[in-house]
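Me: I've got a model open and a few labels I'd like to understand. Can you talk me through them?

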Amino acid sequence: MPAAPSTPWPRWDHHKLTYGGDYNPEQWPAEVWTEDVRLMQEAGVNLVSVGIFSWALLQPAADRYEFGWLDRVVDLLHGGGIAVDLATASASPPPWFSRLHPESLPVDRVGTTLRSGGRQAFCPSSAAYRDAAVALTEALAAHFGAHPALAMWHVHNEYGCHNALCYCDASAGAFRRWLQRRYGDIDTLNQAWGTAFWSQHYYDWDEIAPARATASFTNPTQLLDFRRFSSDELLDCYRAERDVLHRVTPGVPVTTNFMAPNFKDLDYWAWGAEMDFVSNDHYLRGQFDQPHVDLALGADMTRSLAGGAPWLLMEHSTSAVNWQPVNVAKVPGQLRRNSLSHVARGADGVMYFQWRAAKAGAEKFHSAMVPHAGTGTKVWDEVVELGRNLEAIAEVVGSRVEADVAILFDWNAWWAVEESCLPSAEVRYLDQARAMHTALWQAGVTCDLAHPEGDLSGYRLVLVPTLYLVTDAGAVNVEAFVAGGGAAVVTYFSGIVDQDEHIRLGGYPGAFRSMLGVRSEEFFPLVPGKQVALSDGTSGEVWSELMATDGAETVVAYADGPLSGGPAITRNSHGEGTAWYVTTRLPAAALSGFLAQVTAASGVVPAADTVPGVEVVRRSNGAGASYLFAINHTGSAATVSGSGTDLLTGEDHVGQVAVAAGSVVVIRESGRRES
């Protein structure tokens with residue numbers, strides 16, 4: 001895998017946590033701008049993102065740029081001591097561009113052209129779009145590159161959020177060129193795609209199309225390659241703008257905002273290596289019973305994509321969003337908890353969409369730092385309080401999160417396991433990763449996410465949930481980790497296919513069969529609502545399989561159904577380490593109990609002794625200082641183990657730290673050395 005990004009953090013006061021949000025002054029009359037700067041100073045804001053959706057105003061015609069209004073805004077912000085994250089504005093081509101270049105518009109899988117009027121109305125393979133975006137980027141860099149307010153560049157915005165997959169003729173041509181680079185010759189492609197099946201053999205590259213709608217099931221490897229191509233095409237768009245910025249403004253770091261953990265369409269492992277530093281957008285989702293745990297998963301994933309380095313939360317919300325079926329407002333104190341959870345998990349800054357709530361447009365009901373009701377409101381008071389909190393804990397800047405556990409995660413496996421013609425549509429890729437992460441979160445155990453081919457040497461325990469597709473290199477990497485003394489837990493439907501989505505023959509779980517000491521011969525997926533009893537008194541759901549041990553020890557057996565008496569959970573000694581196999585989906589309580597046994601056996605300990613609902617994470621700075629974050633998401637007071645001084649209150653604690661209901665403590669620890 002590529003090395004993690006190493007370019008320095010944005011060029012402003014490195015002793016402060018970043019605080020701010022998207023600023024859209026073009027939506028307001030100029031007299032509001034001065035008031036905005038005054039309020040930003042009151043709130044403790046030190047960075048704002050400007051120009052993200054400003055292309056139409058920055059370039060009113062193909063042959064004309066107008067930067068005067070943005071000059072005034074940037075000068076005003078600089079005068080107020082506020083740094084600028086300047087966007088390239090390429091996320092939304094203006095209507096005039098789409099009218100001049102209708103061929104640049106995206107096309108969906110059934111052939112419908114998607115028109116302008118929203119955002120991201122472009123095909124990533126469109127030469128006209130790419131040329132115009134690069135030209136705008138160069139003009140902005142030349143004009144603003146020397147401005148003292150410029151702290152960083154913000155390329156585009158949320159790549160692929162609405163146009164990740166385009167099926168137009170330009171995409172078809174680009175897809176063929178991508179395939180030629182990947183396979184070299186068409187015979188190799190035919191072998192990889194298994195085109196002997198259903199008379200799909202190709203004799204000429206021009207016969208190949210994107211994965212458009214077909215009369216029956218589409219070739220699964222074609223679908224997988226089209227997703228790989230689509231992620232790469234957008235990454236090429238990013239690189240083109242980034243390279244201009246590096247050339248014209250060397251030393252000014254460049255990023256774009258990810259959408260981890262719930263965004264499927266981009267392979268963020270490939271993207272993270274191209275960032276000067278990694279940033280992420282995260283919004284609470286109403287479908288989750290504990291949305292703050294999804295927040296923690298997103299933060300842990302973003303930190304991992306950054307190679308463990310500090311990262312920036314580019315967007316989240318002060319309260320409700322506008323795009324869910326029911327947009328739930330945050331209760332008092334939740335804004336603070338959410339923000340400090342991101343900091344606890346490695347963010348060196350928190351920013352919002354957006355600074356001032358819009359009065360028009362599709363996002364007018366999206367919350368903001370300055371709400372429609374203005375100051376003297378719950379949201380504003382909490383925004384100001386958070387600014388003070390971030391100043392109080394500023395010494396955590398640059399410190400890193402400690403983790404002894406990694407969850408293996410791969411977008412290729414996600415894409416492959418959620419296509420059609422598989423044993424069960426009830427198997428969803430994030431299901432087991434999320435369940436395992438939640439169990440660790442509840443226990444106070446911090447984990448990273450890791451690529452299957454990444455460096456696993458720093459971990460005691462590696463979890464391998466539903467890794468349906470794994471490359472040979474990834475399988476060897478996991479096996480070597482275990483053989484060298486590590487512990488691994490592999491769940492059902494892992495190791496089944498190779499990188500071309502060809503079945504690994506000889507019995508399941510394919511790539512991991514020898515390491516696990518088992519051989520599975522047939523899957524027995526369970527229908528929704530059906531459970532199977534297990535010998536330890538728990539149950540399983542979604543999946544089961546007919547399996548025999550081949551050196552492994554049966555820890556838990558099936559207790560009823562057609563597989564009664566057969567192994568359900570096994571443990572195998574492999575080299576110097578231990579590998580577990582879980583053949584069914586364990587309910588939350590059973591999974592938590594199982595992982596508690598495995599973490600204890602692996603020497604993994606929580607950041608602090610805690611209780612369910614109280615999040616604990618530790619950051620350390622490499623110079624002997626460590627910081628324990630304890631965030632109480634419950635309605636009751638709690639205590640966690642720890643000693644030191646709370647940076648938020650100045651209160652000293654010895655042995656036990658009291659955390660009030662809904663509150664947060666950040667302890668500069670005493671009497672603890674970094675491990």
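Reply: Sure, and keep in mind that this is a predicted model. A480 is a good start: its relative accessibility is 42%.

Me: Why is A480 called partly exposed?

Reply: Buried needs under 20% and exposed needs over 50%. A480 comes in at 42%, so it counts as partly exposed. A480 is part of helix α15 (residues 472-483).

Me: What makes F67 and F144 a tilted pair?

Reply: Ring centres have to lie within 6.5 Å, and tilted covers plane angles that are neither under 30 degrees nor over 60. Here the centres are 5.9 Å apart with 50° between the planes, so tilted it is. F67 sits in the loop between α2 (55-58) and α3 (68-79), and F144 in helix α5 (residues 127-144), 77 residues apart.

Me: How do you know whether F144 is buried or exposed?

Reply: Its relative accessible area is 2% and the buried cut-off is under 20%, so F144 is buried. F67, at 10%, is buried too.

Me: And why are W178 and F229 called edge-to-face?

Reply: Their planes meet at 70°, and over 60 counts as edge-to-face. The centres are 6.3 Å apart, within the 6.5 Å limit, so the rings pair. W178 lies in helix α6 (residues 169-183) and F229 in helix α8 (residues 220-248), so the pair ties together parts 51 residues apart in sequence.

Me: What makes R356 count as sitting over the ring of W28?

Reply: The distance part of the test asks for within 6 Å of the ring centre, and the charged end of R356 is 5.5 Å from that of W28.

Methods
Residues are numbered from 1 along each chain as its sequence is written. This is a predicted model: local features need pLDDT of at least 70, side-chain atom pairs count only at pLDDT 80 or more; totals for chains, interfaces and linings use all residues. Side-chain values use heavy atoms; hydrogens and water are left out. Helices (H or I, at least four residues) and strands (E, at least two) are DSSP runs, numbered from the N terminus. Buried means under 20% relative accessible area, exposed over 50%, partly exposed in between (1.4 Å probe, protein chains only). Rings of Phe, Tyr and Trp (its six-membered ring) pair if their centres lie within 6.5 Å; planes under 30 degrees apart count as stacked, over 60 as edge-to-face and the rest as tilted. A charge sits over a ring if NZ of Lys or CZ of Arg is within 6 Å of the ring centre and within 35 degrees of the ring normal.
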